[in-house]
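Q: Please take a close look at a single part of this model, one chosen residue with the residues it touches, and then follow the picture outward to other places in the chain.

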Amino acid sequence: MKPRITIDLSARGELEIWMNEEGRDLLVRKLQSLSAKNDHFHLAPVGLGEVEVSSRPYLPDDQLFEWGKVLFRTDEWDKQHYPHVLDDPN
């Protein structure tokens with residue numbers, strides 16, 4: 001089967017990622033390939049990104065996410081550019 005990944009915001013406001021086995025395997029491979037030198041990949045409809053996402057919602061009231069980016073950031077990068085994300089809120 002072809003990889004199938006659907007990303008949506010449900011009517012309850014929850015982020016949901018629906019996928020078949022091939023979609024899971026693709027997403028895991030792409031996540032594992034991220035590094036300081038290969039720091040992002042794009043999620044997009046068919047033919048427009050490195051990881052294709054579906055344009056068909058599972059439920060009629062789902063709000064689809066058809067475009068996105070997954071970013072890998074090291075702690076060193078965040079210390080320099082976004083130190084507030086490393087602050088312990090407690």
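A: Two residues are in contact when heavy atoms of theirs lie within 4.5 Å. The model is a predicted one, in which local features need pLDDT of at least 70 and side-chain atom pairs count only at pLDDT 80 or more, while totals for chains, interfaces and linings use all residues. Residues are numbered from 1 along each chain as its sequence is written, and side-chain values use heavy atoms, with hydrogens and water left out.

The residue chosen for the close look is L27, which lies in helix α1; helices here are DSSP runs of H or I with at least four residues, strands are runs of E with at least two, and both are numbered from the N terminus. L27 counts as buried because its relative accessible area is 16%, where buried means under 20%, exposed over 50% and partly exposed in between, with a 1.4 Å probe and protein chains only. If residues up to four places away in sequence are not counted, L27 touches I5, M19 and F41. The start of the chain also gives a distance to this position, for P3 is 24 residues away from L27 in sequence, and the C-alpha atoms of the two are separated by 9.2 Å.

Helix α1 spans residues 21–32, and E21 belongs to this helix as well. Is E21 buried or exposed? With 55% relative accessibility, E21 is exposed, whereas L27 in helix α1 is buried. From E21 to K2 the C-alpha distance is 9.2 Å, with their positions 19 residues apart in sequence.

I5, one of the residues touched by L27, leads on to L43, since the C-alpha atoms of I5 and L43 are 9.6 Å apart although their positions differ by 38 residues. L43 is part of strand β3, residues 40–44, and is buried because its relative accessible area is 12%. Apart from neighbours within four places in sequence, L43 has contacts with I7, V51, V53, E66, W67, G68 and V70.

I7, which is among the contacts of L43, is also among those of E16. E16 is found in strand β2, residues 15–19, and with 17% relative accessibility this glutamate counts as buried. Its contacts, once the neighbours within four places in sequence are set aside, are T6, I7, D8, S10 and D62.

For a contrast, consider the C-terminal side, where L86 sits in the segment after α2, the helix of residues 75–81. L86 is partly exposed, having a relative accessible area of 37%, and beyond its neighbours within four places in sequence it is in contact with D75, D78 and K79. K2, whose C-alpha atom is 9.2 Å from that of E21, is 38 Å from L86 by the C-alpha measure, and these two residues are 84 residues apart in sequence.

These local views fit into a chain that holds two helices and six strands, in the order β-β-α-β-β-β-β-α from the N terminus on. Along the principal axes, the C-alpha atoms occupy a box of roughly 40 × 30 × 20 Å. The radius of gyration, taken over C-alpha atoms, is 15 Å, against near 12 Å for a compact globule of 90 residues, the globule rule being 2.2 Å times the number of residues to the power 0.38. Of the 90 residues, 23% count as buried, and L27, L43 and E16 are among the buried residues. Among the contacts with a separation of 6 or more, 42% are made between residues 24 or more positions apart.
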